[in-house]
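User: I'm new to reading protein structures and would love a close look at one part of this one. Could you pick a single helix, walk me through it slowly, and then show me how the rest of the model fits around it?

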Amino acid sequence: MSRTIVIDPVTRIEGHSKITIQLDDRGEVVDAHFHVTQFRGFERITQGRPVHEMPALMARICGICPVSHLVASAKAVDDILAVEPPPTGVDLRRIINLGQIVQSNALSFFHLSSPDLLFGFDADPAVRNILGVARQNPQLAKDGIALRRWGQQIIEWVAGKRIHPEGIVPGGVAWPLTAEVRDRILDGVPEAIAAVERAIAWYKTDMLRWEDEAATFGNFRSAFMALVDRDGNVDHYGGWLRVVDADGKYLADRVDPKLFNDYIGEAVEPWSYLKSTYWKAMGYPDGIYRVGPLARVNVADRMGTPRADEELEKFRWRVGRVAGSSFHYHYARLIDTLHSIEKIEQLLRGPDILSKHVRSIAGINRNEGIGVSEAPRGTLMHHYKVDDDGIVQWVNLVIATGHNNMAMNRSVLQVARSHVKGTTITEPMLNRVEAVIRCYDPCLSCSTHALGEMALHIQLLAPDGAVLDEIAR
Amino acid sequence: MTDAGAGEGAGGRGAGGGAESRGAGGTLVVGYGNALRSDDGLGWCAAARLAEDPRLRGATVLAQHQLTPELAVDMSAASLVVLIDASATDEAGAISIRRIDAASEAGSAWSHHLEPAGLVALARELWGASPAVFTVSVGVASLDVGDRLSPTVEQALPDVVDAVAAIVEEHGRA
């Protein structure tokens, strides 16, 4: 008799989800699904709105990474206006976006995942939290708080406020940067670099402790996708799409992001509101690929900044040129953060960063526009169609968590196969199934569009739906 | 990384700076909640009024969506902290004031926000801070989508402001 284990909901991620694990007659795991169970429907809500409103509306999708949606949306509207923002406008957008990367990566690594890494995946949940981290390793906790705070301050100071900022607009940014704000941000750079480098040093020292998890946390062959600049460096704002396979071979390179529909398909499964994107050339479901910090370090030739490149070299020496285990998202996330801080400094020291020319103004010049950028969790695509008056007719959002959906499902399956023994739910299995999802740092608020925080509920079900075992916490 | 300008602020915003009232008076007031959920926006409305209130001159007044760990930094620099929130369990419009024991614990694991006791514990653990912490909460009449307070909670708003001012004044005399 086959059975199903249900984990509902999953904790310490952004949004609502549950996990079901299907057992066969012998109690062996045969399948697993990561279900996203809530729906918000921004693609429909925004139909009929003037396209100039889209960046501000789309930022409301999420309180964690509103800037990411603001950037991708503004770029899509730029496309409809057929305008190129002034160079300083682009640089300020980049700075705001990188501030977002820093604060969101800090949230994911320090606040959500470091308790697992510090105490172990089987530690008492009463200890395995940020307060426990503060007691056990106060410097780590302080560094996480300081990094997130600094990233949020950058967003606030440059774009107006930390959550749902107004500073990014179609055609560029709403106002120029002042020397006072530039200098205030630059003052924080040395401490930000020191904080993330301390975390990297700690992580590398403790890496061997997590060998078992690294071997089973989404450790499989897949493609990876990210944006790179003309020199093959990581590019969080623009550039070209590059896709590599598990051996690092290019599946595509120098692809104009606006052509993403030619390369990426979207499948819908009846058990989730989260779409599954796939590499069209490989078909569904074989065309699995991953995005986000791990993809960025796997896809790019280099990070493009000195300290991050040094760490990238060490990363590749430790885990290979193309890291296959999703556990290494944590390590990659730290390098991604280090790069972002360095890049912010580079941009702020640019000779024209205080230029008053930060926005281009135009009317509706196209009926369709696409904006693509790198969000903390991976490549983000906004695609709009408007009528001649600029009224939104159709919207499609392809979100980082959607790109990673198939990989997350496969990761849950792999962990479940390693840790599900018999027909009862065990704490080690529960902890690791949740933790593997956390590696991807999925943000379900934007991908499907959920709201709130989760408790944990697991059920073991017989084929007829009868509950055989259950855990809630 | 500096401390200046943290928080969403209690007033209007402009390029390049925080609009919150911030001072060295050692008093931190945080109104928090979802301003798009009717009465859950009470904290924002109270913070906006308190930021302009002469009785709180020198205090730092912030409006936030949630209590996040970053607030522990602000808390560590304060001798008095007042947290203003809506309550889904109290009678609509009823104001309750509670002192948070610095020795109390954050009871639960969390994701990206904290309960008041958790924030107090974090500030204590990381910076040895032990400010006097009060919560001022008001029972809600509506949590529907909307950017206005219900008449019941709107009516209670001046009393909330007075209650916070009284705490601050009393703390100043102590």
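Analyst: Let's take helix 7 of chain A, which covers residues 179-206 in this predicted model. The helix has 28 residues and reaches 41 Å from its first C-alpha to its last, close to the 40 Å expected at 1.5 Å a residue. Follow the helix along and you will find a kink of about 35° at A:V189, shortly before the proline A:P190.

Now look at which residues of helix 7 of chain A are tucked inside. The buried ones are A:V181, A:R182, A:I185, A:G188, A:A192, A:A195, A:V196, A:A199 and A:I200. What do these buried residues of helix 7 of chain A pack against? Their partners are helix 6 (138-159), helix 10 (306-319) and helix 11 (329-348) of chain A.

A good companion to study alongside is helix 4 of chain A, residues 87-119. Helix 4 has 33 residues and spans 46 Å from first C-alpha to last, close to the 48 Å expected at 1.5 Å a residue. This helix bends too: the angle is about 60° at A:S113, and a proline, A:P115, follows within four residues. Is helix 4 of chain A largely enclosed or largely open? Of its 33 residues, 28 are buried, so helix 4 is largely enclosed by the rest of the structure. Just after helix 4 comes A:G120, with a positive phi near 95°.

Helix 4 of chain A also leads us to the nonpolar core. The largest such core has 187 residues, and those with the most contacts inside it are A:V412 and B:V164. Helix 4 of chain A gives the most to this core, with 12 residues. The core draws at least three residues from each of domain 1 (3-38 + 402-472) and domain 2 (84-217 + 325-355) of chain A. As general background, nonpolar side chains tend to be buried together in soluble globular proteins.

Those two domains deserve a moment of their own. The domain assignment of chain A gives domain 1 as 3-38 + 402-472 and domain 2 as 84-217 + 325-355. Where they touch, 16 residues come from domain 1 of chain A and 13 residues from domain 2 of chain A. On the domain 1 side, the elements giving two or more residues are helix 13 (405-419) and helix 14 (427-439) of chain A. Helix 14 of chain A supplies the largest share of that side, eight residues. Sorted by class, the side of domain 1 that touches domain 2 in chain A has seven nonpolar, four polar and five charged residues.

Let's step back to chain A as a whole. It has 15 helices and 16 strands, and buried residues make up 58% of its 473 residues. Among contacts in chain A with a separation of 6 or more, 72% are between residues 24 or more positions apart.

A few backbone details in chain A are worth finding on screen. In general, most residues other than glycine have a negative phi, and most peptide bonds are trans. A:A82 has a positive phi, near 60°, and is not a glycine. This residue lies in the loop between helix 3 (66-81) and helix 4 of chain A. A:A82 is partly exposed, with 13 other C-beta atoms within 10 Å. A:R254 also has a positive phi, about 55°, although it is not a glycine. You will find A:R254 in strand 8 (residues 250-255) of chain A, and this residue is exposed, with 12 other C-beta atoms within 10 Å. As for peptide bonds, a cis one joins A:Y284 and A:P285, with omega about 10°. A:P285 sits in the loop between strand 10 (276-279) and strand 11 (289-290) of chain A.

Finally, over to chain B, which has four helices and five strands. Along the sequence they follow the pattern β-α-β-α-β-β-α-β-α. Of the 174 residues of chain B, 49% count as buried. Remember B:V164 from the core? Leaving aside its neighbours within four places in sequence, B:V164 is in contact with B:V29, B:A46, B:L50, B:V82, B:I84 and B:V136. For contrast, try B:R49 in helix 1 (residues 42-51) of chain B, which is partly exposed, with 18 other C-beta atoms within 10 Å. B:R49 and B:D147 are 98 residues apart in sequence and 16 Å apart in space, C-alpha to C-alpha.

Key: Residues are numbered from 1 along each chain as its sequence is written. Chains are lettered from A and ligands numbered from 1 in the order in which they are written. This is a predicted model: local features need pLDDT of at least 70, side-chain atom pairs count only at pLDDT 80 or more; totals for chains, interfaces and linings use all residues. Domain bounds come from an automatic or database domain assignment. Two residues are in contact if their C-beta atoms, placed from the backbone, lie within 7 Å. Ala, Val, Leu, Ile, Met, Phe, Trp, Tyr, Cys and Pro count as nonpolar, Asp, Glu, Lys and Arg as charged, and the others, Gly among them, as polar. A residue is buried if 20 or more other C-beta atoms lie within 10 Å of its own, exposed if 12 or fewer, and partly exposed in between; C-beta atoms are placed from the backbone. The expected span of a helix is 1.5 Å times one less than its number of residues. The bend at a residue is the angle between axes fitted to the seven residues ending there and the seven starting there. A nonpolar core is a set of buried Ala, Val, Leu, Ile, Met, Phe, Trp, Tyr and Cys residues joined through C-beta atoms within 7 Å.
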